[in-house]
Amino acid sequence: MKRKVLGVLLSVAMVATMVAGCGSSSEPAATDDAAATEEAADTEEAAPAEDAAEEESADTAAAGGKIGISMPTQSLERWNRDGAYLDEQFQAAGYETVLTYSDNDSARQVNDIQNMLADGVDLLIVAAIDGEALNTAMDEAATAGVPVIAYDRLIMNDAVSYYVSFDNYTVGTLQGQFIVDTLDLENAGDTVYNMEITAGDPADNNAGYFYQGAIDVLQPYIDAGTLNVVSGQTDFDTVATAQWSTDTALERAQNILSSYYADGTQLDVWLCSNDSTALGVAQAITSDYAGSNSVLITGQDGDEANLKNIVDGIQTMTVYKNVSNESVVTLGLAQAILNGDTIDESLIPSFGIECSYDTESYETSEGNPCPSFLLVPNVITADNLQDLVDTGLYTMGEDGYLSAVQ
Ligand code: GAL
């Protein structure tokens, strides 16, 4: 986990101009300059615009270029939305796009990205399956002078120019604080609440932040004995879930319930880092937990099945991340990069989306911070589902259940 924990997320530091890698110059690399000059020359030799409208469209076409969008999988609900939103945003802005989903297969994602580079993309947007497994493709992008935006999940390679995500550590602290507030742990007295933990994919750099953010809030209550992890399974590697798999989370939860709760021990809380794992844990509790109490279950992403479980009182909360907004910020950043604009917090008003600019917290390699634009996550419970409908990205049926617009 590449994080230097530092106070203020907003940084006023101007990104240092570097030859390559994270924070790389906002000026295209030499090869890009040459290519761009050649392309511009070709455009000028092409049929000159007849009038202002045609000149405008010629400029838009010339300014567009080709964008490679590499998403990890379609088996996890949110990435289908990310891919669709990014594709729509860039095409509406006049770019040609190449969108791939790599079925949670890292080797395939390397190949997909290599194909995009061979296809002559001008910029890459990559949500990594495994943040440490893309070096071949990232090194090729750096050699080709193609800027890379790490999308949502950080990539451990200095070829990455910038990072767009949500404040992942805050996602975790929101989950932890929700547990503290809902159970009023501050005033628990001698009451002990039994808790279990399910974290995310260890190959996903985000998973460590979600886990650490929650644990940093909950640790004092674990140390005081107010929260008791009955299974004793608390370290990240033990509670992690490969590929965020619902089935893997279900199986581990069933094993824990049969090993530690079959004797009537009460389970009060299950900290889950996201909705796909929360779905598996909720299924295990529904089928295998003998207690009569409802268990507080956390989640993240606002997946449809989990929102239904929240309406039905099976899941207690999810941390919602508006990935449509994430695509808008990514478009704005990409345009600034391709236009050779200065990249810093002065870009934020042009996004029209609340986010912070951070040049210290995320590192693509030891000591190499990656300038990041971090959006703001929100807690959703049965009490504020209307907030999701108000985004225009969900509709609510007569049954009170929410459906995503896409
Ligand atoms: C994370 C992402 C989360 C979570 C998970 C599953 O990287 O930030 O939203 O859902 O992947 O895709």
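## A right-handed β-α-β unit

In this predicted model, strand β1, helix α3 (residues 77–92) and strand β2 together make a β-α-β unit that is right-handed. The two strands of this unit, β1 and β2 (residues 96–101), pair in the parallel sense over six bridges, and within that pairing S70 has T100 in β2 as its bridge partner.

Strand β1 also pairs with β3 (residues 123–126), again in the parallel sense, over four bridges, and here G68 of β1 stands opposite L124 in β3. Strand β1 (residues 66–71) is mostly covered, with six of its six residues buried. In a regular strand the side chains alternate between the two faces of the sheet. In β1, K66, G68 and S70 point one way while I67, I69 and M71 point the other way, and all of them are buried.

## Strand β14 and its two pairings

Strand β14 (residues 372–375) shows a comparable arrangement of its residues, in that S372 and L374 point one way, F373 and L375 point the other way, and all are buried.

The pairing of β14 with strand β5 (residues 160–166) is parallel and is made through four bridges, with Y163 standing opposite S372 in β14. The pairing of β14 with strand β11 (residues 355–358) is antiparallel and likewise runs over four bridges, and in this case the bridge partner of C355 is L375 in β14.

## The four-strand open sheet

An open sheet of four strands, with parallel pairing, has the order β7-β6-β8-β9. Strands β7 (227–228) and β9 (296–297) stand at the edges of this sheet, and because each has a single partner strand, one side of each is left without a neighbour in the sheet. Strand β7 pairs in the parallel sense with β6 (residues 193–198) over two bridges, and N194 has N228 in β7 as its bridge partner.

Two helices can be placed relative to these strands. Helix α6 (residues 168–183) lies across β6, β8 (269–272) and β9, and runs at about 160° to β8, whereas helix α9 lies across β6 and β8 and runs at about 150° to β6.

## Packing of α9 with α10

Helix α9 (residues 246–260), besides lying across β6 and β8, packs with helix α10 (residues 275–288) at an angle of about 40°, and the axes of the two helices are 7 Å apart. The crossing of α9 and α10 is right-handed.

On the α9 side, the contact involves T246, A249, L250, A253, Q254 and L257, which meet S276, T277, L279, G280, V281, Q283, A284, I285, S287 and D288 in α10. By residue class, this contact of α9 with α10 divides into eight nonpolar, seven polar and one charged.

## The protein as a whole

Taken over the whole protein, the secondary structure comes to 14 helices and 17 strands, and 53% of the 406 residues count as buried. Among the contacts between residues at least 6 apart in sequence, 72% join residues that are at least 24 apart. One pairing that spans a long stretch of numbering is that of β5 (residues 160–166) with β14, where the strands run parallel.

Conventions: Residues numbered from 1 in each chain as written. Predicted model: local features only at pLDDT ≥ 70, side-chain atom pairs only at ≥ 80, totals over all residues. Heavy atoms only, no water. Buried < 20%, exposed > 50% of the residue type's maximum accessible area, 1.4 Å probe, protein only. Pairing = 2+ DSSP bridges. Right-handed = clockwise from strand over helix to strand, strands pointing away. Axes fitted to C-alpha atoms, helices over the stretch in contact; angles between N-to-C directions. Left-handed = near helix turned anticlockwise from the far one by under 90°. Contact = heavy atoms within 4.5 Å. Nonpolar A, V, L, I, M, F, W, Y, C, P; charged D, E, K, R; others polar.
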